[in-house]
Amino acid sequence: MNKEKIAIIGAGIIGASIARVLSRYENIEIHLIEMETDVGWGVSKANTAILHAGYDDDPFLYPNRAKYCVRGNYLWRKWSKQLQIRTSWNGSLVLSFSKEDEEELYNLLERGERNGVKGLRIIEKREIQKLEENVSPNVTLALWAPTAGQISPFEAVAALVENAVENGVILHLETKVLDIVEDGTRITKLVTNNGEIEVDWVINAAGLYADYIAKLVGEEDFKITPRKGEYFLFNDRAKPKVSRILFPAPKPKSKGVVVTTTVDGNLMIGPNATDLPEDEKENRETTQEGLEEVWREASKLVKNLPSKSEVIKTFAGLRPEPTGGDFVIRPHNSLLGFINVAGIRSPGITSAPAIAYEVPKMLLHLGARLILKKNWNPIRRRIVKFSRSSNRRKRELIAMNPLYGNIVCQCEMVTEAEVVEAIRRGAKTVEGVKLRTRAGMGKCQGAFCRIKIAMILSRELKIKPWQVKVKGTGSEIGVGDLFSLLRK
Amino acid sequence: MYSYDLVVVGGGASGIAASIKAKELGIKKVALIDEKNYLGGVLPQCIHSGFGLVYFKEDLTGPEFTEKLAQKVMETDLDIYTSTFVSKIAYRDYFEKLVYAVSKHGIKKFKTKTIIYSTGCRERNIYEIGILGNRPSGVFTAGEAQTLMDIYGVMPGREIVIVGSGDIGLIMARRFALQGANVKAVVEIMPYPGGLTRNIVQCLNDFNIPLLLNHSVLRVIGKNRVEEVEVCKLDENRKCIEGSKFRIKCDTLVISAGLVPRVELLEDLGVTIDPITKSAVVNDRLETSLPGVFVAGNSLVVNDLVDYAVEQGEMAAQGASEFIFNKGINAVLWKKVKLNGNIRFFIPQLISGEKAVTMYGRVLTPEENVKLKVSEINKEIPFVRVRPSEMIRLKLSKDELSSARGESLTFSIFKRGAQLGE
């Protein structure tokens, strides 16, 4: 029997989650297609990394967001264990500073209860201060959501893809979909910069570019506008940190600037929300005004922020804002075989597992035959973290593989063995190694290790040192060999 | 468990010098640890000359300087551990510290009476100096670019803009020019260059490289590789002058915007840190607030010359030998160094007055025709000019210090001809 072929366009958190869920079925061939050099480099890489409780989204205005967020929050507890993705379930506080804010808290409470969020409570100052020492003294009330948490978003995408590939999914990197061919009733193949791929089904999980992909099959009823958010990240020693996720009372456009401590222990503040024109889907520039706004807004939530000299990185991420504001999760209205999973803006990471389970349901509804595998492997093991191992375990690791005895990144104490393992798991660039191991994410921001990593990549990938890419296409670390250039 | 009298953490210039001196002074068991697989720290990649004028009385390149030091090291019987990364230091008691290190052979634990911490400094990065915009490839710190070129033979780029006119920035400008790259500008936010005058002449003027004083790189433009940088002119308050923005096309941005001592493990150990030098507060033996723990070289203070780093290594070794042979540094009433006027810092911060001491300091802003005065000992030293980029090094003799009364030693700078306090 011929296997039906499914292409998932986009290997972000959504495409990767869908790939994992579909990899449970044995009678399909799954192609996960990504235009970048690595998975998870679009929307998934740079965001606030929060697993929202699910009280924000109005079930009448945004039914998909309301439904999938609460379910996704629940599913991540299981998924993060199976895939060994770091999470912290420290809960969130929405803070009020005025009467209007307080009213908004009660709205959120009601909405959250309607959405089925567990454990929500409005709490008073004394209890707020008990939950969060560093909260601003001006706070009046807070909505306490104990089910909210944090995740490492890039690690999540990498883990999902590793698990999907382990279960037979075929990953295509640096592959851009140029056209989708149909025979009048259904889809037959994808045309890409790397040749054609025969497919029966296409899942459009292309993030910021989902409108571009939909347009290839004549769908023009939604647009994806980039909404930029800027952030400050502090070094892991910077204090005071926060022990909960702190939100202001939400504004219509966004949930506001958040103060949070990442799963890696770095204090982070952001994002603001700047709507960009539709064609600025790569504009990840940080700006003076944007960063000033973030600092100002974050300062309102806490007693103190660390000094600016403790900032180790400023960055910007883009959220894919769909027309209408709700997730676009539906099949093409006339063409069989095309399913949109688009406009997955916040709370997208939270919702991802729940959205992913929706896809096989839609496929079955559209007439696909799906048979569960008997030997599907739900488990993925994370890269061993030398720095977090006990002394005894460290000794064992070095005895087993001496590369654990070579510290590559001094700030985060990442070993050569971890770098080599990251490359084995698919890192092809300095950035890919960094995101998988944290090498270069410390105080010096890679000044001491970037080159060491490049040399390990050169050795493992068998390319010349100058050809090692830092990020995507065209980002080689050098322009050539020093001595051959002398001859020019 | 390995047992030592002295463990030197960091095998750059000051660490090597400290180890050699320690052996000369008769310290029996000395270990020198470095994370790289070679000794010398950054010296082997500094292929320009200007090293060793004080220490070896010769003008040497970085690799030559290292070679000479290495020869001296080989004549001693100290234990050298390369490719060994010190991950933790613990303070057991007055005479016992533990140093934990990771290497391919496992985790080593060193028990030692004294420690000299000489781990050098790190470079400030693009985020710390607030450059906005995109984050593409092609942004390097000066040291990174130097490592790429002169350790690994990789040419980082063709069209270069350098941020910061400190000595390292200037030397890298020349290094790129010598390699045939087009160095489009060295951009400096201050109204005066950050580096030594000889480097302005030899590295920029000789190669017709423009120096843009009072200018700032605002943002980086480029998706995967740097394509342009946006620059603006600054007014006297270092704010952007409206309408002065322009762009420079380039594929490489080199950041040379200052160095910060690396003292994370000392911080973890709880030694007192000076917020100005961002390193440990030390006495005239270069001992930190923890007895028997010394710090030297660029992890103590960012030096202009390798010779100073070497000198501090030797000072610390002397301190360590005193500690070992006298069972500790004698308790004295330390005189605190106080600063007045145009002075950023002077180290050591604590002076015993029992022995001669070499002081290192920097001013805050450039000035001409000034005097440096140490009030309590009535010492005045004239300077034709002082600049933040040029370290002031002065020796105070035991005799001079013996005349000092009180609990402090006050350093001030004032205009020649003017009376202090006017």
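1. In this predicted model, the side chain of A:Glu285 meets that of B:Arg219 in a salt bridge, with a distance of 2.2 Å from N to O. A reader new to the structure may take this pair as an entry point to the interface of chain A and chain B, across which 8 salt bridges are found, together with 18 residue pairs in polar contact, both residues of each pair being at pLDDT 80 or more.

2. On the side of chain A that touches chain B, the elements giving two or more residues are the helices α7 (288-301), α9 (391-400), α12 (450-461) and α13 (482-487) and the strands β19 (311-322) and β24 (480-481), each of them in chain A. Sorted by class, that side of chain A has 24 nonpolar, 16 polar and 16 charged residues.

3. As for the extent of the interface, 56 residues from chain A and 47 residues from chain B take part in the contact. Between them, chain A and chain B bury about 4300 Å², and 55% of this area lies on carbon and sulfur atoms.

4. Strand pairing also crosses from one chain to the other, since β24(A) pairs with strand β12 (residues 154-155) of chain B in the antiparallel sense, over 2 bridges. Within this pairing, A:Gly480 has B:Met155 of β12(B) as its bridge partner.

5. Helix packing across the interface deserves its own point: the axes of α12(A) and α3(B) come within 10 Å and cross at roughly 35°. The residues making this contact are A:Arg450, A:Ile451 and A:Met455 on α12(A), and B:Glu144, B:Thr147 and B:Leu148 on α3(B). By class, the contact of these two helices has 3 nonpolar, 1 polar and 2 charged residues.

6. Turning to chain B itself, an open sheet is formed there by 5 strands in the order β11-β19-β13-β14-β15, and the pairing is parallel. At its edges are β11 (139-141) and β15 (211-212) of chain B, each of which pairs on one side only.

7. The edge strand β11(B) pairs in the parallel sense with strand β19 (residues 252-255) of chain B over 3 bridges, and in this pairing B:Val139 stands opposite B:Leu253 of β19(B). Helix α3 (residues 142-150) of chain B packs on the sheet, where it touches β11 and β19 of chain B, and the direction of α3(B) makes about 95° with that of β11(B). Helix α3(B) therefore has two sets of contacts to inspect, one with these strands of chain B and one with α12(A) across the interface.

Note on methods:
Residues are numbered from 1 along each chain as its sequence is written. Chains are lettered from A and ligands numbered from 1 in the order in which they are written. This is a predicted model: local features need pLDDT of at least 70, side-chain atom pairs count only at pLDDT 80 or more; totals for chains, interfaces and linings use all residues. Side-chain values use heavy atoms; hydrogens and water are left out. Contact means heavy atoms within 4.5 Å. Buried area is the accessible area (1.4 Å probe) that two parts lose on being put together, summed over both. A salt bridge is a side-chain nitrogen of Lys or Arg within 4 Å of a carboxyl oxygen of Asp or Glu. A polar contact is a pair of N or O atoms within 3.5 Å; within protein, one must be able to donate a hydrogen and the other to accept it, and residues adjacent in sequence count only if both atoms are side-chain atoms. Helices (H or I, at least four residues) and strands (E, at least two) are DSSP runs, numbered from the N terminus. Ala, Val, Leu, Ile, Met, Phe, Trp, Tyr, Cys and Pro count as nonpolar, Asp, Glu, Lys and Arg as charged, and the others, Gly among them, as polar. Two strands pair if DSSP finds at least two bridges between them. Axes are lines fitted to C-alpha atoms, for helices over the stretch in contact, and angles run from 0 to 180 degrees between N-to-C directions.
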